[in-house]
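Reader: Before I rely on the labels attached to this model, I would like each one set against its definition. Could we go through them one by one?

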Amino acid sequence: MEQAPPTIFSRRQASAKWARARSRQRRDGAASYLVETLAEDVLDRLDFMQFEPGKALVIGDSLGILPEWLDAQGFAGHQGALGEFDEEQPGPADTFNLIVHLLGLGVVNDLPGALVHARNALKSGGLFLAAFPGAGSQPVLRALALAADGDRPAARMHPLVDNQSGASLLQRTGFTRQVVDTFPIRVRYSSLKGMISDLRDHGLTRSLASPVPPLTRSAWTKAEKAFDATRDEDGKVTETFEILVLTGWKT
């Protein structure tokens, strides 16, 4: 009997944070640079491949950049919202020529299962593309969390998928012509509050199933001091998001 995957993430919490992010995106000045950059990178890849129009499913593009472009190219588009679309449940088989998943694939409990379901949903010759923060992302925030907790660190940030694991997963789940690559997105922040606000706008806050104690006022002060200590000569702190891109085909 096959063992069930461990419950690392809370689907309830994940759904709530993605819903809050979509609500925040409707505010003036909401941060959207990660979605924009990931969507534009996917557009460049599709344009380079000269991918033939067909039936497409796009998950996680809250700005509608990819669906708009795909519609202009003659694709029959379908959209799924992060937290509402269940990556870990089987969908319709042999349906889509293209599936694109932005931001959220790194926070599912059964990533191999999600990839299997994505592959099964593709028609023969179909393309799967996923882009999300991978290993090496947010080193500053991780250091700040450790500074805040002191001698008793809590699991405030989730584990991340690296290149080797991504390549292995694509191969294991039956994709062919697998390509795994990364690129950095570097963002400069003026304050810790600004950094956290941007993460909430993108839905990239915590959704781990394990509970952690809330940050005390004292812990927050420690984190802010650690943030201030890393400011550059312009008074900014640079955080890095290492974007992992998984590309695979169904033969």
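Author: A good place to begin is a single pair of residues, Ile59 and His101 of β3, which are bridge partners. This is a predicted model, in which local features need pLDDT of at least 70 and side-chain atom pairs count only at pLDDT 80 or more, while totals for chains, interfaces and linings use all residues. Residues are numbered from 1 along each chain as its sequence is written, and side-chain values use heavy atoms, with hydrogens and water left out.

Reader: What makes β1 and β3 a pair, and in which sense do they run?

Author: Strands are DSSP runs of E with at least two residues, helices are runs of H or I with at least four, and both are numbered from the N terminus. Two strands pair if DSSP finds at least two bridges between them. Strand β1, residues 55-59, has four bridges to β3 in the parallel sense, so the pair meets that rule. β3 is also joined to strand β4, residues 122-133, by six bridges, again in parallel, and there Leu98 stands opposite Leu127 of β4.

Reader: Which hand does the β-α-β unit of β3, α4 and β4 have, and how do you know?

Author: The unit formed by β3, helix α4 (residues 111-121) and β4 is right-handed. That word applies when, with the strands pointing away from the viewer, the path from the first strand over the helix to the second runs clockwise.

Reader: Why is Leu127 called buried?

Author: Buried means under 20% relative accessible area, exposed means over 50%, and partly exposed is in between, for a 1.4 Å probe and protein chains only. Leu127 has a relative accessible area of 0%, and is therefore buried. Leaving aside neighbours within four places in sequence, its contacts include Leu46, Met49, Phe51, Leu98, Ile99 and Trp249, where contact means heavy atoms within 4.5 Å. Leu98 is thus seen twice, as a contact of Leu127 and as the residue opposite Leu127 in the pairing with β4.

Reader: What makes β3 "mostly covered", and how many residues of β6 are buried?

Author: In β3, residues 96-102, six of the seven residues are buried, and in β6 eleven of the 13 are. β6 pairs with β4 in the antiparallel sense over seven bridges, with Ile243 as the partner of Pro133. Twelve bridges, also antiparallel, link β5 and β6, and one of the partnerships is that of Pro184 with Glu242.

Reader: What is unusual about the phi of Gln50 and of Arg177?

Author: Most residues other than glycine have a negative phi. Gln50, in the loop between α2 and β1, has a positive phi near 55°, and Arg177, in strand β5, has one of about 50°. Gln50 counts as exposed because its relative accessibility is 64%, and Arg177 is likewise exposed, because its value is 57%.

Reader: Which residues of α7 are buried, and what covers them?

Author: The buried residues of α7 are Leu192, Met195, Ile196, Asp198, Leu199, Asp201 and His202, and their cover includes α1, α2, α5, β5, α8 and β6. Gly203 follows α7 with a positive phi, near 75°.

Reader: How do you know that a space is a pocket and not a cavity?

Author: On a 1 Å grid over the protein atoms alone, a cavity is a set of points where a 1.4 Å probe fits but cannot get out, whereas a pocket is an open set with protein on both sides within 12 Å along at least five of seven lines; lining residues have an atom within 4 Å of a point. Grid points are joined across faces, edges and corners, and volume is the space filled by probe spheres set on the points. The largest pocket holds about 770 Å³; among its 28 lining residues, Arg156, Ile196, Arg200, Thr205 and Arg206 are the closest to its centre. α1, α5, α7 and α8 each give two or more residues to that lining.

Reader: How many cavities of 30 Å³ or more are counted?

Author: The count is two. The largest has about 130 Å³ and is lined by 14 residues, with Leu103, Val107, Pro133, His158 and Leu204 nearest its centre. The second largest has about 110 Å³, and its lining includes Phe9, Trp18, Glu87 and Val107. Val107 therefore belongs to both linings, by the 4 Å rule.
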